[in-house]
Amino acid sequence: MTPGDKLKELASLYESKNKEYGDNYKRFGNVLFAMFPECVVLDTPEKLNRMALFVQILHKICRYAQNFDEGHGDSLDDLAVYAVLLKVFDDEMFDLRHRNNRADT
């Protein structure tokens, strides 16, 4: 496959996904800003990991909303997985912090 062939293939992928999801990527910043108008400080690797998972969840919700009349099962499946990953990560992070706080006292 030549680079030109690959670019044509990717252009076709873009066209099909854009029909399905529209310009969802252009609204994403507005959604995040509405949720976090005071901004969020991501000053640790843990907070960055949490935000990365949160963004994946929000991304799936936005994709589902774009296809609300027909639904979008794949986005719901992905959403469920990312939600569980975030829950487990939060539990581990907050449990570790709680244990560290007890050790400091």
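Reader: Which helix gives the most residues to the lining of the largest pocket?

Author: In this predicted model, H1 contributes most to that lining, with four residues. The elements that supply two or more residues are helix H1 (3-21), helix H2 (24-35) and H3.

Reader: What residues line the largest pocket, and how do you know that they belong to the lining?

Author: The lining consists of Tyr-14, Lys-17, Asn-18, Tyr-21, Gly-22, Asn-24, Tyr-25, Phe-28, His-59 and Arg-63. A residue is counted when it has an atom within 4 Å of a point of the pocket, so each of these residues meets that cut-off. The space in the pocket is about 160 Å³.

Reader: What makes up the lining of the largest pocket, in nonpolar, polar and charged residues?

Author: The lining divides into four nonpolar, four polar and two charged residues. Tyr counts as nonpolar and Gly as polar, so Tyr-14 falls in the nonpolar group and Gly-22 in the polar group.

Reader: What is the phi of Gly-22, and where does Gly-22 lie relative to H1?

Author: Gly-22 comes just after H1 and has a positive phi of about 65°.

Reader: Why is Asn-24 called buried?

Author: Buried means under 20% relative accessible area. Asn-24 has 9% relative accessibility, so Asn-24 is buried. Asn-24 lies in helix H2 and, leaving out residues up to four places away in sequence, touches His-59, Cys-62, Arg-63 and Gln-66.

Reader: How many disulfides are there, and why is Cys-62 in none?

Author: The count is zero. Cys-39 is in no disulfide, and the nearest cysteine sulfur to Cys-39 is that of Cys-62, 18 Å away. A disulfide is a covalent bond between the sulfur atoms of two cysteines. The cut-off for the pair is within 2.5 Å. The sulfur of Cys-62 is 18 Å from the closest cysteine sulfur, in Cys-39, and is therefore too far for a bond.

Reader: Are these two cysteines buried or exposed, and how do you know?

Author: Cys-39 has a relative accessible area of 56%. Exposed means over 50%, so Cys-39 is exposed. Cys-62 stands at 10% relative accessibility, which is under the 20% cut-off, so Cys-62 is buried.

Reader: Where does Cys-39 lie, and what is its phi?

Author: Cys-39 lies in the loop between H2 and H3. Phi of Cys-39 is near 70°, which is a positive value in a residue other than glycine.

Reader: Which residues does Cys-62 touch?

Author: Cys-62 is in helix H3. Not counting residues up to four places away in sequence, Cys-62 touches Asn-24, Phe-28 and Val-31. Cys-62 and Arg-27 are 35 residues apart in sequence, and their C-alpha atoms are 8.9 Å apart.

Reader: How do you know that the span of H1 agrees with what a helix should have?

Author: H1 has 19 residues, which should span 27 Å at 1.5 Å a residue; the end C-alpha atoms are 26 Å apart, so the span agrees.

Reader: What is the span of H3, and which of its residues are buried?

Author: Helix H3 (residues 45-66) has 22 residues and reaches 31 Å from first C-alpha to last, close to the expected 32 Å. The buried residues of H3 are Met-51, Leu-53, Ile-57, Leu-58, Lys-60 and Cys-62.

Reader: Why is Met-51 called buried, and what is Met-51 in contact with?

Author: The relative accessible area of Met-51 is 15%, and the cut-off for buried is under 20%, so Met-51 is buried. Leaving aside neighbours within four places in sequence, Met-51 is in contact with Phe-36, Val-40 and Leu-42. Along the chain Met-51 and Gln-66 are 15 residues apart, and their C-alpha atoms are separated by 22 Å.

Reader: Why is Asn-49 called partly exposed?

Author: Asn-49, found in helix H3, has 40% relative accessibility. Partly exposed covers values between the 20% and 50% cut-offs, so Asn-49 is partly exposed. Asn-49 and Asp-90 are 41 residues apart in sequence and 9.9 Å apart in space, C-alpha to C-alpha.

Reader: Is Asp-90 buried or exposed, and what does Asp-90 touch?

Author: Asp-90 is in helix H4 (residues 73-104). At 16% relative accessibility, under the 20% cut-off, Asp-90 is buried. Not counting residues up to four places away in sequence, Asp-90 touches Arg-50 and Asp-95.

Methods
Residues are numbered from 1 along each chain as its sequence is written. This is a predicted model: local features need pLDDT of at least 70, side-chain atom pairs count only at pLDDT 80 or more; totals for chains, interfaces and linings use all residues. Side-chain values use heavy atoms; hydrogens and water are left out. Buried means under 20% relative accessible area, exposed over 50%, partly exposed in between (1.4 Å probe, protein chains only). The expected span of a helix is 1.5 Å times one less than its number of residues. Contact means heavy atoms within 4.5 Å. On a 1 Å grid over the protein atoms alone, a cavity is a set of points where a 1.4 Å probe fits but cannot get out, and a pocket is an open set with protein on both sides within 12 Å along at least five of seven lines; lining residues have an atom within 4 Å of a point. Grid points are joined across faces, edges and corners, and a volume is the space filled by probe spheres set on the points.
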